[in-house]
Amino acid sequence: MSSSPRPPAIETIELSKTYGSGNTEVIALRKASMTIERGEVVALLGPSGSGKSTLLSAIGLINPPTSGLIKIDGKVVMDGPKALVDLRRYRRERLGFVFQKSNLIPFLSALENVLISLSISGIEGRPAKRRAMELLDSLGVGDRAKNLPSALSGGQQQRVAVARALANNPSLLLADEPTAALDSKLGRQVMELFQRIGHDNQAGVLVVTHDQRALDVFDRTLYLEDGVLSEHKRTPKTSSVCKPHLDRE
Amino acid sequence: MNLAIRDIKYNLGRFSLTAVGLGLLLMIVMGMGGIYKGIEEDATLLIDRLDSDLWIVQNQTRGPFAELSRLSPSVEDRAQTVPGVANARRFVTHTVQREHLGRPIRISIVGLSWPMDQGDWLPIISGRPLRQGHFEMVADRTLGLAIGQQVRLGKDIYRVVGVTANMISSGGDGLAFLTIADALAVQFDSVGEATRLERAARRNHAADTDFVLSQPRMLERADLPAHMIPAIGSPVVSAILVNLKPSVDTEKVKSIIDGWADVTVYTAEEQRQLLLQGPVDRARRQIGLFRVLLVAISAIIMSLILYTMTLDKIHDIALLKLMGAKNRVITGLVLQEAFLLGGIAYILAYFIGKQLFPFFPRRVIVTTDMLVWLAFAVAVICVIGCSLGVRKAMGVNPNEVLS
């Protein structure tokens with residue numbers, strides 16, 4: 001008897017989001033369907049105003065969709081605007097976030113910024129400290145553990161932010177333009193970091209980015225324009241794109 | 001991990017300055033309450049210390065603290081004869097302003113009924129009570145007079161033999177205790193020409209009265225000092241203080257004395273209430289109202305500071321919410337900071353006040369009740385300030401981190 005396969009980290013089914021109504025109605029997402037498996041590292045491209053942040057905040061259980069389903073680890077958590085689970089608990093236990101800016105809490109050291117994430121999940125004391133140090137060491141910032149964010153470089157800050165996002169072993173890591181504030185070399189390093197995290201931790205990773213130079217590190221690329229989600233297909237050298245609609249499994 | 005402590009350590013300079021500022025504000029609130037209490041205490045201090053059961057004052061007046069009361073000293077003898085009276089003594093009080101060592105000095109003079117009352121009951125911090133019938137004085141330390149120092153009052157010079165603490169009149173002037181005779185001499189001191197004119201006027205006035213017409217020898221006495229000629233002179237003491245024997249019914253004795261047509265009598269408590277409702281009432285109410293305003297202003301300022309402190313952290317709070325932090329983590333952060341700020345400000349207010357209040361020109365009395373009340377007020381203000389901040393924090397959309 002073969003064991004049943006692990007459910008996808010995230011699955012959205014015909015996710016739509018509309019802001020306003022009547023003359024002021026704006027459709028930010030139009031029936032966006034996608035699946036990210038565990039261990040899969042996916043990029044999300046799209047011009048400004050295309051709905052990337054709306055999609056990310058919907059998947060991140062921050063901003064509910066107007067209609068459609070969101071499944072995390074195979075469980076339906078949102079049915080349209082209706083939450084079927086404790087969203088805060090799901091965010092705490094299943095999701096990790098990395099942002100354009102590191103968004104580290106300025107009055108906490110690098111170590112404490114990771115520890116706070118563990119503390120929120122109820123993990124405290126020595127096990128928490130061990131886990132936080134392991135993460136910081138694995139991301140190459142273990143030696144800066146006691147420094148405040150203001151004493152870290154942009155790249156180091158972003159690594160600490162990644163460590164914080166990974167602290168609870170999330171099944172899905174969401175990153176919103178995490179390399180926008182970094183130079184190209186550092187940006188690529190961070191993208192490679194996501195690739196490693198996705199593959200090593202068996203977490204689904206969705207990275208919103210404008211930087212097409214590092215697309216080769218991703219397993220798949222999605223494209224969003226005018227609220228319509230599609231799959232990018234790129235040639236290895238040019239990274240040129242075509243945009244067929246995403247086939248749902 | 002205590003987020004509040006870490007945030008405070010990170011913003012230590014700003015937090016400290018805010019705490020000092022709030023501490024000074026609370027100190028003013030505390031001081032205003034202390035001044036209010038001081039006025040009340042100072043006003044009734046003499047009545048309490050003199051410890052008499054009844055106050056006999058001029059008929060239809062409310063006593064020497066409310067208005068001018070002039071009473072014949074012979075009332076003292078009359079009072080002594082009332083059944084149940086242990087003793088009666090004369091009381092004189094008036095305020096003078098003189099020049100002393102090149103500076104103006106306001107003295108509220110109290111006459112002690114020498115030799116029965118030598119001021120042994122006074123709270124003397126150095127020196128001794130009065131030990132001779134003339135030219136000695138016990139002065140309050142607020143007058144700035146040292147033991148052995150000599151002060152000219154009228155035609156005589158008085159030597160300071162004792163210094164008291166916290167003996168202040170209802171007007172805020174330091175008290176000086178002299179014998180009754182000396183107090184009257186100071187009160188009725190006048191230059192030679194004025195005395196001569198007064199005697200001539202008295203003689204002319206006496207010559208027309210029936211009393212002197214029937215007893216012509218009385219006219220010779222018109223040339224004596226006023227307090228030595230009770231038959232025709234003006235009443236000179238401010239009040240007669242009566243102490244009763246143990247277990248004697250105060251109301252009964254009072255009703256007997258009340259029957260005399262030339263006097264009005266009050267119990268010590270009535271005299272106390274008359275004083276509080278009379279001369280000090282307006283000052284008390286003014287300071288009371290100012291204090292209420294100050295508390296309201298402090299509450300607004302503190303609430304705004306606490307609210308602003310929350311606003312400063314709104315992005316971090318949004319992040320914590322995004323990470324799935326429970327409400328109590330966020331509420332705890334806001335509440336702990338507010339109470340730490342309020343607590344530190346309160347402690348600062350207490351210690352700064354303790355150092356500064358003794359230098360205030362009027363007594364500032366900070367009682368335990370007042371400290372408890374202020375602590376409670378600070379706690380309520382913290383809760384109000386926090387509730388605004390917490391409400392804001394709870395309403396933060398985690399989405400703000402993405403923007």
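Start with B:Pro115, in the loop between strand 3 (103-112) and strand 4 (124-127) of chain B. Helices and strands here are DSSP runs, numbered from the N terminus; a helix is H or I with at least four residues, a strand is E with at least two. The peptide bond from B:Trp114 to B:Pro115 is cis, and omega is near 5 degrees.

A word on the ground rules. This is a predicted model, where local features need pLDDT of at least 70 and side-chain atom pairs count only at pLDDT 80 or more, while totals for chains, interfaces and linings use all residues. Residues are numbered from 1 along each chain as its sequence is written, chains are lettered from A and ligands numbered from 1 in the order in which they are written, and side-chain values use heavy atoms, with hydrogens and water left out.

Stay with chain B. It has 13 helices and 10 strands. Its radius of gyration is 31 Å, well over the 22 Å that the globule rule gives for 403 residues, so chain B is more spread out than a compact globule. That radius is taken over C-alpha atoms, and the rule is 2.2 Å times the number of residues to the power 0.38. Along the principal axes, the C-alpha trace of chain B spans about 110 × 50 × 35 Å. Of the 403 residues in chain B, 46% are buried. Buried means under 20% relative accessible area, exposed means over 50%, and partly exposed is in between, with a 1.4 Å probe and protein chains only. Now contacts, meaning heavy atoms within 4.5 Å. Take those in chain B between residues at least 6 apart in sequence: 73% join residues at least 24 apart.

Which strands pair with strand 1 of chain B? Strand 10 (residues 263-267) is one partner, running antiparallel and joined by 5 bridges. There, B:Trp55 has B:Tyr266 as its bridge partner. Strand 9 (residues 239-244) also pairs with strand 1 in the antiparallel sense, over 3 bridges. B:Leu54 stands opposite B:Val242 in that strand. Pairing requires at least two DSSP bridges between the strands. Strand 1 covers residues 54-58, and 4 of its 5 residues are buried, so it is largely enclosed by the rest of the structure.

Over to chain A, and helix 4. This helix covers residues 125-138, 14 in number. From first C-alpha to last it reaches 20 Å, close to the 20 Å expected at 1.5 Å a residue. The expected span is 1.5 Å times one less than the number of residues. Which residues of helix 4 are buried? They are A:Ala128, A:Ala132, A:Leu135 and A:Leu136. They cover an arc of only 95 degrees around the axis, which puts them on the same side of helix 4. The arc is that of the directions from the helix axis to the C-beta atoms. As background, an α-helix has 3.6 residues a turn, so residues three or four places apart point the same way. The buried residues of helix 4 pack against helix 3 (110-120) and helix 5 (154-166) of chain A. On the other side, A:Arg126 and A:Arg130 are exposed. Just after the helix, A:Gly140 takes a positive phi of about 80 degrees.

Two non-glycine residues of chain A also have positive phi. A:Lys31, in strand 2 (residues 26-36), has phi near 45 degrees. A:Lys31 is exposed, at 56% relative accessibility. A:Leu61 has phi of about 60 degrees and lies in the loop between helix 1 (52-59) and strand 4 (67-72). Buried or exposed? A:Leu61 is buried, at 3%.
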